[in-house]
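Reader: I am in my first year of study and would like to learn how a structure is read closely. Please choose one part, examine it in detail, and then show how its surroundings are described in similar terms.

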Amino acid sequence: MLDRKNGKKVITILLVLSCIVSGIILAASPSNEIYRLDNTQQLDSLINTHIQNSLITQEQVQVSVINIDTIFTRKVYRLRVPSRFSKTMFHINLHKDLNRYEIKAPAKINFPSRDMHIYVYNKGTVLRTIRLTTDPSLDTLTTEQN
């Protein structure tokens, strides 16, 4: 069996090894940098970038403003998309980008139309609404599938 001196040495060595392993794991893990949106124009720019990356044309986009109260307005994006357009992938990609800014983007699917409403909110306030509506007349257009 181990005597007290050897037992303390073993424990010390194990502690040092565990600290080294913890340091390696910490150094190897990706940074969880949180970004900040300073104003709603940056949010609109991010949304518009996703719209453009999905090959949705400006003719398919309608933006309206809803007055919530005397100082707060909310933009509603209405996107007409072809039947084969992946609304889910659009939502996932948008959610990934918004999550870096700690902005949530839950979605609701309306049946039987399968239209998707994405609610972009931060700290309990809905900042933007994105409505993806299927328009079969656009089925001849080329859009991003992923």
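Author: A residue counts as exposed when its relative accessible area is over 50%, as buried when that area is under 20%, and as partly exposed in between. The model is predicted, and the values discussed here are computed from it. The part chosen is the loop between β3 and β4, which holds Ser-113 and Arg-114.

Arg-114 has a relative accessibility of 57%, and this residue is therefore classed as exposed. Its backbone also deserves attention, for Arg-114 has a positive phi of about 65 degrees although it is not a glycine. Most residues other than glycine have a negative phi, and most peptide bonds are trans. The second half of that rule also has an exception in this loop. Pro-112 is placed in the loop between β3 and β4, and the peptide bond that leads from Phe-111 to Pro-112 is cis, with omega near 5 degrees.

Is Ser-113 buried, exposed or partly exposed? With a relative accessible area of 38%, Ser-113 is partly exposed. In space, the C-alpha of Ser-113 lies 23 Å from that of His-50, and 63 residues separate the two in sequence.

The loop between β4 and β5 offers a parallel case, since Lys-123 is located there. Lys-123 is not a glycine, yet its phi is positive, at about 50 degrees. The relative accessible area of Lys-123 is 78%, so this residue is exposed.

His-50 leads to the helices, for His-50 is one of the buried residues of α2, together with Leu-43, Asp-44, Leu-46, Ile-47 and Ile-51. Why can these residues be said to line one face of the helix? Viewed down the axis of α2, the buried residues fall within an arc of 160 degrees, and they therefore line one face. An α-helix has 3.6 residues a turn, so residues three or four places apart point the same way. On the other side of α2, Gln-41 and Gln-52 are exposed. The elements against which the buried residues of α2 pack are β1, β2, α3, β4 and β5. As for its length, α2 covers residues 40-53, and its 14 residues reach 20 Å from the first C-alpha to the last, close to the 20 Å expected.

Helix α3 can be read in a similar way. Its 13 residues should span 18 Å at 1.5 Å a residue, and the end C-alpha atoms are 18 Å apart, which agrees. The buried residues in α3 are Lys-87, Phe-90, His-91, Leu-94 and Leu-98. These residues fall within an arc of 95 degrees when seen down the axis of α3, so they line one face of that helix. Among the elements that cover them are α2 and β3, as well as β4. His-95 also lies in α3, but its relative accessibility of 32% means that it counts as partly exposed. The C-alpha atoms of His-95 and Pro-106 are separated by 8.1 Å, although these residues are eleven apart along the chain.

Helix α1 provides a contrast in its surroundings. Of its 25 residues, the number buried is one, so α1 lies largely in the open. This helix, residues 4-28, reaches 36 Å between its first and last C-alpha atoms, close to the expected 36 Å.

Between α1 and α2 there is a further loop, which contains Arg-36. Arg-36 has a relative accessibility of 67% and is therefore exposed. Which residues does Arg-36 contact, apart from its neighbours within four places in sequence? The contacts of Arg-36 are with Gln-42 and Tyr-101. Arg-36 and Tyr-101 are 65 residues apart in sequence, while their C-alpha atoms are 5.4 Å apart in space.

The last topic is the largest pocket, whose volume is about 200 Å³. Of the 14 residues that line it, those closest to its centre are Arg-36, Leu-37, Tyr-101, Ile-103 and Asn-122. The lining comprises seven nonpolar, three polar and four charged residues.

To return to the loop between β3 and β4, its features may be restated together. The bond from Phe-111 to Pro-112 is cis, Ser-113 is partly exposed, and Arg-114 has a positive phi.

Conventions
Residues numbered from 1 in each chain as written. Predicted model: local features only at pLDDT ≥ 70, side-chain atom pairs only at ≥ 80, totals over all residues. Heavy atoms only, no water. Helix = DSSP H or I, 4+ residues; strand = E, 2+ residues; numbered from the N terminus. Expected span 1.5 Å × (residues − 1). Buried < 20%, exposed > 50% of the residue type's maximum accessible area, 1.4 Å probe, protein only. 1 Å grid on protein atoms, 1.4 Å probe; cavity = no way out; pocket = protein on both sides within 12 Å on 5 of 7 lines; lining within 4 Å. Points joined across faces, edges and corners; volume = space filled by probe spheres on them. Nonpolar A, V, L, I, M, F, W, Y, C, P; charged D, E, K, R; others polar. Arc of directions from axis to C-beta. Contact = heavy atoms within 4.5 Å.
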